[in-house]
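Open the model in your viewer and keep the selection panel at hand. The tour goes from one selection to the next and says what is there.

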Amino acid sequence: MTETRLGRRPLMLLIIILSMFGPISTDMYLSGLPRMIEDFQTTESVMNMSLYLFMLVLAFSILILGPMGDKYGRRKVLAFSLAIYAVSNIACCFTQDVWIFIALRMIQAVGGGGALTAAFALIKDCFTGNDMKSVLSITAAIGILGPILAPVIGTLLINLAGWRATFWAPASISLFCLAMSLLLPGNIPLDRYKGTVLGSLTRLGAVTKNRSFLLFMLMMCTFTGSQLAYISVSSYVYQDGFGLGTTEYSLVLAMSCILGLVIARIEDHRNVTPKKRLVFIISMGLLSLTMMCIVAPMHWTLFMLSIVPCCAITITARSFGFGILMNQHDGDNGSVSAMLNFTTFMFAFVGMVIASSFPADLFIYGVATMLAICCSVFLGSWALLRARGYGLKGL
């Protein structure tokens, strides 16, 4: 482990919190969406833009800030990102115009992107061997606390102080992380990229030049699109469709993540080959698709259970798949982290757009459509990867 003034446990805490910036930024205010639509005097389709445009900007900011961290250092880029994130969250609390709110959410995404890419880059920067594998596994498992706790905490905040409290909270979290990030050594990463700013961005091409890496990355990231498709329409399906209250909705959303986590942890402790783990992922994906098409519209419990297999495999892919991918390139930690997170959130963006494009009474089938796309991407990429003889270390 690389020496830092934070120490091992505080550094792990920082990495875990940073890795949860995605759900903190999206899941926390979900139960307040119906009320926000009334306050902003807008529609579901416009309000959902605050979700999927956030994801789009998040993806591209990750793509840029990851390589920038390789050149200028993790501490500088992370501190800059956290400051932007805090200020934009605070600004969201004061606007009364939905379009300004959406614009602020896009600025917020820039800061969130820097936080997320730093989280994974710091794992590779500061840990090696079994330590890195252990930290990846812990962050994958504990990172799911974001989707579990964010809607529950968000609902409590909304009931106590209104939906704006769900932006004050992330602002406070980012300021706490900013204070911790200032304790990081200024020389991380040790193997600093020496070229120009444009040259640092071209390192992304070097990372994706390996076609086996690219195919496996698609396989490991794709099902996030289905999970975020579900999250983007869940408040409308549960509250408007099935008649659940805000508290009930947040608990149901958390329960689907908890059940997914339990399945993922059981799978993680099975002593199986990487190939069998891939079979598990696609099997769970097909199960989720089948349930979403057939039983999910019948009752809210069945809708919740239909997404559980998908939640399980997104956790599995992050711990198992990301560990393999991050060991393929040395000296490009920020670029590897950027590509992994960019691909993840691009799938999330696509999933949100597809699910939200369906009529409100057919949102469930929008999620099913994204699940079908994800299963197809996984199977197609796997077939091409097998044809190439895999060609990845550890697979």
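Helix axes are compared by the angle between their N-to-C directions, which runs from 0 to 180 degrees, and an angle over 145 degrees counts as roughly antiparallel. Keep that cut-off in mind for the three helix pairs below. The model is predicted.

**Stop 1: α6 and α7**

Select residues 74-92, which are α6, and residues 98-126, which are α7. Their axes come within 8 Å and cross at roughly 150°. The angle is over 145 degrees, so α6 and α7 are roughly antiparallel to each other. Their crossing is left-handed. In the contact of α6 with α7, 14 residues are nonpolar, 7 are polar and 3 are charged.

**Stop 2: a cavity**

Keep α6 and α7 on display and add α5, residues 49-72. Each of these three helices supplies at least two residues of the lining of the second largest cavity. Which helix gives the largest share of that lining? It is α7, with 4 residues.

The search of the whole structure finds 4 cavities of 30 Å³ or more. The second largest holds about 50 Å³ of space. To find its centre, select L65, R74, G114, T117 and A118, which are the closest to it of the 11 lining residues. By type, the lining divides into 5 nonpolar residues, 5 polar and 1 charged.

**Stop 3: α15 and α18**

Clear the selection, then pick α15 at residues 274-294 and α18 at residues 363-387. The axes of α15 and α18 come within 9 Å and cross at roughly 155°. The two helices are therefore roughly antiparallel to each other. α15 passes α18 in a left-handed crossing.

Now show side chains. On the α15 side, the residues in contact include L278, I282, L286 and L289. On the α18 side, they include V367, L371, F378 and W382. Is this contact made up mostly of nonpolar or of charged residues? It has 18 nonpolar residues, 2 polar and 1 charged.

**Stop 4: α12 and α18**

Leave α18 selected and swap α15 for α12, residues 211-221. Here the axes come within 8 Å and cross at roughly 155°. That angle makes α12 roughly antiparallel to α18. The crossing of α12 past α18 is left-handed.

Select S212, L215, F216, L218, M219 and M220 in α12. They meet V377, F378, S381, W382, L384 and L385 in α18. How many charged residues are in this contact? There are none: the contact has 10 nonpolar residues and 2 polar ones.

To finish, select F378 and W382 in α18. Both are in the contact with α12, and both are also in the contact with α15.

Notes:
Residues numbered from 1 in each chain as written. Predicted model: local features only at pLDDT ≥ 70, side-chain atom pairs only at ≥ 80, totals over all residues. Heavy atoms only, no water. 1 Å grid on protein atoms, 1.4 Å probe; cavity = no way out; pocket = protein on both sides within 12 Å on 5 of 7 lines; lining within 4 Å. Points joined across faces, edges and corners; volume = space filled by probe spheres on them. Nonpolar A, V, L, I, M, F, W, Y, C, P; charged D, E, K, R; others polar. Parallel < 35°, antiparallel > 145°, perpendicular 65-115°, else oblique. Left-handed = near helix turned anticlockwise from the far one by under 90°. Contact = heavy atoms within 4.5 Å.
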